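Got the viewer open? Let's take a walk through this one together, one selection at a time.

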Protein chains: 2
Amino acid sequence: MIDILIDKIIQMENPSVVGLDPRLNFIPQFIKDEMFDRYGRTPKAVAESYLMFNKAIIDEVYDIVPAVKPQIAMYEELGYIGIKAYMDTINYAKEKGLVIIGDIKRGDIFSTAESYSNGHIGRLSIEDEDYTIYNEDFITIHPYMGYDSVEPYIKDCKEYNRGLFVLVKTSNPNSGEIQDLLVNGQKIYEIVGKLVSKWGEEFIGKYGYSQIGAVVGATHPEQGKDLRQIMPHTFFLVPGYGAQGGTAEDLKDCFDKKALGAIVNSSRGIIAAYKDDKYKKDYSDKEFGKAARQAAIDMRKDLQEVLI
Amino acid sequence: MIDILIDKIIQMENPSVVGLDPRLNFIPQFIKDEMFDRYGRTPKAVAESYLMFNKAIIDEVYDIVPAVKPQIAMYEELGYIGIKAYMDTINYAKEKGLVIIGDIKRGDIFSTAESYSNGHIGRLSIEDEDYTIYNEDFITIHPYMGYDSVEPYIKDCKEYNRGLFVLVKTSNPNSGEIQDLLVNGQKIYEIVGKLVSKWGEEFIGKYGYSQIGAVVGATHPEQGKDLRQIMPHTFFLVPGYGAQGGTAEDLKDCFDKKALGAIVNSSRGIIAAYKDDKYKKDYSDKEFGKAARQAAIDMRKDLQEVLI
């Protein structure tokens with residue numbers, strides 16, 4: 001699966017992923033009005049708004065970005081009806097040929113991780129019937145509980161050609177509180193990085209990168225550079241560009257000399273571009289999808305300028 | 001909420017919680033047959049089986065145990081239809097007066113944590129309407145990303161009288177891989193324990209325990225003892241008893257001198273008791289609820305013997 005992702009990145013000359021993290025205040029009023037009229041001011045109306053919004057964004061970006069990353073929290077917040085919208089979003093994006101990175105950040109003991117893995121990247125077996133439930137290509141997971149909490153996902157990656165991005169160094173302001181602590185001269189995130197690198201050794205594809213990747217935040221440039229050296233065969237999912245403050249310059253050392261090795265996420269900077277001063281003079285609320293497309297093109301250009 | 005939980009523990013003389021972690025092989029054949037007949041061998045049939053199973057267990061234990069802990073992974077595995085069974089299970093258990101510990105182990109950046117928190121322990125606001133979605137009393141969360149990833153939950157704990165159990169030392173075999181690393185003579189789990197203790201300082205209730213609790217596995221007795229001393233005002237959720245190998249003797253130092261300070265989880269040891277050699281001679285498949293009740297009574301006795 002990492003080879004498929006990298007193939008698409010090369011083909012589209014675009015190492016970026018659109019974060020499908022809808023929020024009610026990102027949704028244009030005309031969509032909300034339609035859904036509130038139909039379903040009232042209910043979780044169902046919000047879930048249907050998110051789905052309609054996502055589909056319009058996907059329609060506008062699927063030919064210029066290799067992947068989308070729905071953040072399950074925004075859907076889970078709405079209850080089961082939101083999880084249905086998460087699943088429908090994934091199905092729609094897959095039909096359009098996009099690679100799906102499910103940002104679920106699960107982490108639990110072996111037997112529980114098996115359930116998460118079955119549902120998200122493996123198979124649910126019911127007697128003699130097998131079901132694919134969420135159908136993400138990659139998911140994000142927590143490493144804090146150690147190898148046995150990660151093992152079921154690794155097994156399914158092998159069996160069903162899926163991939164992982166394991167949290168190594170996150171993009172949030174307090175990420176250093178635990179991740180930067182020093183153990184015999186090494187930071188925790190470096191130790192976790194080495195573990196993730198080891199877990200991925202047997203899954204290295206044709207570009208020299210493993211199916212077992214790492215989350216490395218764009219907001220910590222020195223640490224990204226450090227991790228790129230420590231983990232030469234680990235592909236990075238890089239959050240924190242744009243709204244969280246990370247610039248293309250900040251994250252360029254997450255890439256290798258061939259401008260590969262990482263994929264950069266932007267969520268609200270793309271999907272809510274129509275609300276941004278930079279785009280709103282050119283795009284109306286009804287053209288939110290077109291604004292997202294332009295923002296995705298601008299992001300690609302911004303990344304290309306530092307990488308090539 | 002921690003006071004309500006401790007009130008119930010004292011009243012029932014029972015510091016234990018029943019883990020509602022159904023799996024298809026725990027469900028008696030007569031329930032599966034009924035649901036497969038009705039819905040085919042589908043995720044819907046499994047979700048309905050879990051709900052029927054859970055309700056029967058709840059009916060048999062609500063007067064002798066203070067709390068239940070549904071593990072969301074087993075429901076999430078089934079897709080949105082499973083999440084509906086998770087929500088219905090919580091609603092049913094609440095009607096019976098049980099305290100709900102949602103074992104969700106979420107952990108993400110601030111803005112994403114807000115969504116999880118709104119859905120699970122806070123409120124979902126849709127324009128001028130407020131919704132309670134999952135309605136757990138407590139949830140479990142990951143601390144690896146630092147304070148800002150925890151802050152939204154703490155805010156909702158204050159606003160809606162809810163509680164947290166933050167992962168400090170987990171019960172799984174490889175938990176030491178990261179959690180036991182030494183930083184200036186202190187283990188990571190001790191450092192995390194101190195952080196959790198600090199985060200909970202302003203939420204200490206009438207029994208001297210905070211609404212912000214910790215997950216401390218029963219499978220590491222020395223570490224439980226250590227953490228009990230480091231975190232005198234932090235209430236512990238203790239997994240790992242029974243099926244994972246932890247004994248009452250192993251976990252007794254997680255309690256204080258008044259036999260308070262912790263609640264011990266058992267999942268398959270209770271809910272699948274009817275399949276256990278110890279109980280199956282006395283209980284048929286149809287009496288799985290009665291077997292669970294007896295197992296819960298036996299667990300209470302086992303804990304009381306070491307605590308009093």
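## Start with one chain

Select chain A and colour it by secondary structure: there are 14 helices and 12 strands in it. Keep in mind as you look around that this is a predicted model. Now turn chain A about. Along its principal axes, the C-alpha trace spans about 60 × 55 × 35 Å. How does the radius of gyration of chain A sit with that of a compact globule? For 308 residues, such a globule would have a value near 19 Å, and chain A has 19 Å, so the two agree.

## Bring in chain B

Next, show chain B as well. A turn of 180°, with a shift of 0.0 Å along the axis, lays chain A on chain B with an RMSD of 0.0 Å. That is the relation of a two-fold axis.

Now colour the residues where the chains touch. You should find 57 residues of chain A in contact with 57 residues of chain B. On chain A's side, look for helix H6 (residues 110-120), which gives the largest share, six residues. Colour that side of chain A by class and you get 30 nonpolar, 17 polar and 10 charged residues. Do the copies meet through the same surface or different ones? The same: 100% of the interface residues of chain A are also interface residues in chain B.

## Zoom in on the H5 pair

Select residues 80-95 in both chains, which is helix H5 of chain A and helix H5 of chain B. These two helices pack at an angle of about 165°, and their axes are 8 Å apart. That angle makes H5(A) roughly antiparallel to H5(B). H5(A) passes H5(B) in a right-handed crossing.

Show the side chains next. From H5(A), the contact is made by Tyr80(A), Ile83(A), Lys84(A) and Met87(A); from H5(B), by Tyr80(B), Ile83(B), Lys84(B) and Met87(B). By class, that contact has six nonpolar residues, two charged ones and no polar ones.

## Two stops inside chain B

Hide chain A for now and select residues 29-39 and 43-61 of chain B, helices H2 and H3. They pack at an angle of about 140°, with their axes 9 Å apart, and H2(B) passes H3(B) in a right-handed crossing. Which residues of H2(B) meet H3(B)? On the H2(B) side they are Ile31(B), Lys32(B), Met35(B), Phe36(B), Arg38(B) and Tyr39(B). Facing them from H3(B) are Lys44(B), Ala45(B), Glu48(B), Ser49(B), Met52(B) and Phe53(B). Sorted by class, this contact has seven nonpolar, one polar and four charged residues.

For the last stop, select residues 188-199 and 221-230 of chain B, helices H9 and H10. Here the packing angle is about 30° and the axes are 10 Å apart. H9(B) and H10(B) are therefore roughly parallel to each other. The crossing of H9(B) past H10(B) is right-handed.

Light up the side chains once more. Tyr189(B), Glu190(B), Gly193(B) and Lys194(B) make the contact from H9(B), and Gln223(B), Asp226(B), Leu227(B) and Ile230(B) make it from H10(B). By class, there are three nonpolar, two polar and three charged residues in this contact.

Note on methods. Residues numbered from 1 in each chain as written. Chains lettered and ligands numbered in written order. Predicted model: local features only at pLDDT ≥ 70, side-chain atom pairs only at ≥ 80, totals over all residues. Least-squares fit on C-alpha atoms with pLDDT ≥ 70 in both. Contact = placed C-beta atoms within 7 Å. Axes fitted to C-alpha atoms, helices over the stretch in contact; angles between N-to-C directions. Helix = DSSP H or I, 4+ residues; strand = E, 2+ residues; numbered from the N terminus. Parallel < 35°, antiparallel > 145°, perpendicular 65-115°, else oblique. Left-handed = near helix turned anticlockwise from the far one by under 90°. Nonpolar A, V, L, I, M, F, W, Y, C, P; charged D, E, K, R; others polar. Rg over C-alpha atoms; globule rule 2.2 N^0.38 Å.
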